[in-house]
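Got your viewer open? Load the model, colour it by confidence if you can, and let's go through it stop by stop.

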Amino acid sequence: GHLPVDCRLTCRTLPTEHPPMPTDRPDHLEQPHLRPLQPIPIKREEQPVIMLRDPLMLSAEAMAVPPPAMQALQMCDGTNSIDQIAEAVKQSRELIEQLVDQMDARGLLWGPTFKQLESDKKTALAEHGAFPVRGTGPLGTDTDAITKQFDHWLEQTEDPEIEFEPSAIFTPQLEYPHTWPVFAGCWHAMRGHERPDRIVVFSNNAFGIGDGVCMTRLGFETP
């Protein structure tokens with residue numbers, strides 16, 4: 001079977017009878033702690049691999065690993081050393097170090113590299129002033145064509161005949177081409193009403209950092 005796209009890596013600890021060997025490597029590399037990721041099964045040159053998607057997209061470089069490497073990744077929970085992981089998965093320390101170093105270079109581990117990439121991302125977003133296009137991306141960049149597509153979907157949707165002016169609507173967090181009937185049914189209720197001056201977006205923080213309520217002053221780009 002295939003892993004679901006929104007499946008998070010789970011962490012577990014496998015004990016070892018041998019104490020870790022002393023090393024000069026930084027703590028976050030010697031005892032790696034993997035950030036929440038989305039493992040996505042794909043094929044490269046007809047070979048199955050697992051793409052490690054960072055929901056925060058801090059690095060432009062994607063990383064894919066062979067399926068057996070997932071056992072080592074599951075042990076990267078901040079409690080196991082490189083030696084413990086290597087012993088548990090029966091691989092050399094050098095191979096595990098290479099795996100950990102590659103993940104760290106892409107900001108996939110908690111540590112100074114991640115903090116720097118996160119800081120760079122925040123600075124870039126603040127300078128840009130808005131989050132980049134996401135959900136509308138598959139529709140292209142031609143605003144006239146997108147508007148016609150939206151109108152076409154709305155015309156195929158039954159009027160909910162709501163007699164009052166809605167103050168809020170609930171829509172899914174999925175791409176339009178796959179769930180347009182749901183989106184069209186929600187937005188159809190707003191047709192005929194006065195255009196709002198401001199739209200406030202509330203959403204779950206599925207793969208973000210922190211808990212509780214997260215707020216931003218940034219807007220959202222749209223074609």
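What does the pLDDT of the protein average, and how many of the residues score at least 70? The average is 85, and 89% of the residues score at least 70; pLDDT is the predictor's confidence in each residue, from 0 to 100. Some house rules: this is a predicted model, local features need pLDDT of at least 70, side-chain atom pairs count only at pLDDT 80 or more, and totals for chains, interfaces and linings use all residues. Residues are numbered from 1 along each chain as its sequence is written, and side-chain values use heavy atoms, with hydrogens and water left out.

**The whole chain**

Switch to cartoon. You should find seven helices and five strands, in the order α-β-β-β-α-α-α-α-β-α-α-β along the sequence. Helices (H or I, at least four residues) and strands (E, at least two) are DSSP runs, numbered from the N terminus. Of the 223 residues, 29% count as buried, where buried means under 20% relative accessible area, exposed over 50%, and partly exposed in between (1.4 Å probe, protein chains only). Among contacts (heavy atoms within 4.5 Å) with a separation of 6 or more, 67% join residues 24 or more positions apart.

Now select residues 1-18. pLDDT stays under 50 there, and the model has 40 contacts beyond four places in sequence for this stretch.

**Strand E1 and the loop after it**

Next, pick Ile42 in strand E1 (residues 38-44). Ile42 is partly exposed, at 28% relative accessibility. Leaving out residues up to four places away in sequence, Ile42 touches Gln47, Pro48, Val49 and Met51. Show Ala64 too: its C-alpha is 8.9 Å from that of Ile42, with their places 22 residues apart in sequence.

Step on to Glu45, in the loop between E1 and strand E2 (47-53). Glu45 isn't a glycine, yet its phi is positive, about 55°. Glu46 sits in the loop between E1 and E2 as well, and its phi is near 70°, again positive in a residue other than glycine. Buried or exposed, Glu45? Exposed, with a relative accessible area of 78%; Glu46 counts as exposed too, at 65%.

**Gly78**

Jump to the loop between helix H2 (70-74) and H3 and click Gly78. Gly78 is partly exposed, with a relative accessible area of 27%. Which residues beyond four places in sequence is Gly78 in contact with? Gln31, Pro32 and His33. Try a distance label from Gly78 to Pro32: the C-alpha atoms are 5.2 Å apart, although the two are 46 residues apart along the chain.

**Where H3 meets H4**

Select helix H3 (residues 82-89) and helix H4 (residues 93-105): their axes come within 9 Å and cross at roughly 115°. Those axes are lines fitted to C-alpha atoms, for helices over the stretch in contact, and angles run from 0 to 180 degrees between N-to-C directions. For side chains, show Ile82, Asp83, Ile85, Ala86 and Val89 of H3 with Arg93, Ile96, Glu97 and Val100 of H4, which make the contact.

**Last stop: H7**

Zoom to helix H7 (residues 176-188). Its 13 residues span only 15 Å between end C-alpha atoms, short of the 18 Å of a straight helix at 1.5 Å a residue; that expected span is 1.5 Å times one less than the number of residues. Where does H7 bend? At Val182, by about 45°, taken as the angle between axes fitted to the seven residues ending there and the seven starting there. Finally, colour Tyr176, Thr179, Phe183, Ala184, Cys186 and His188, the buried residues of H7, and bring up helix H6 (143-155), against which they pack.
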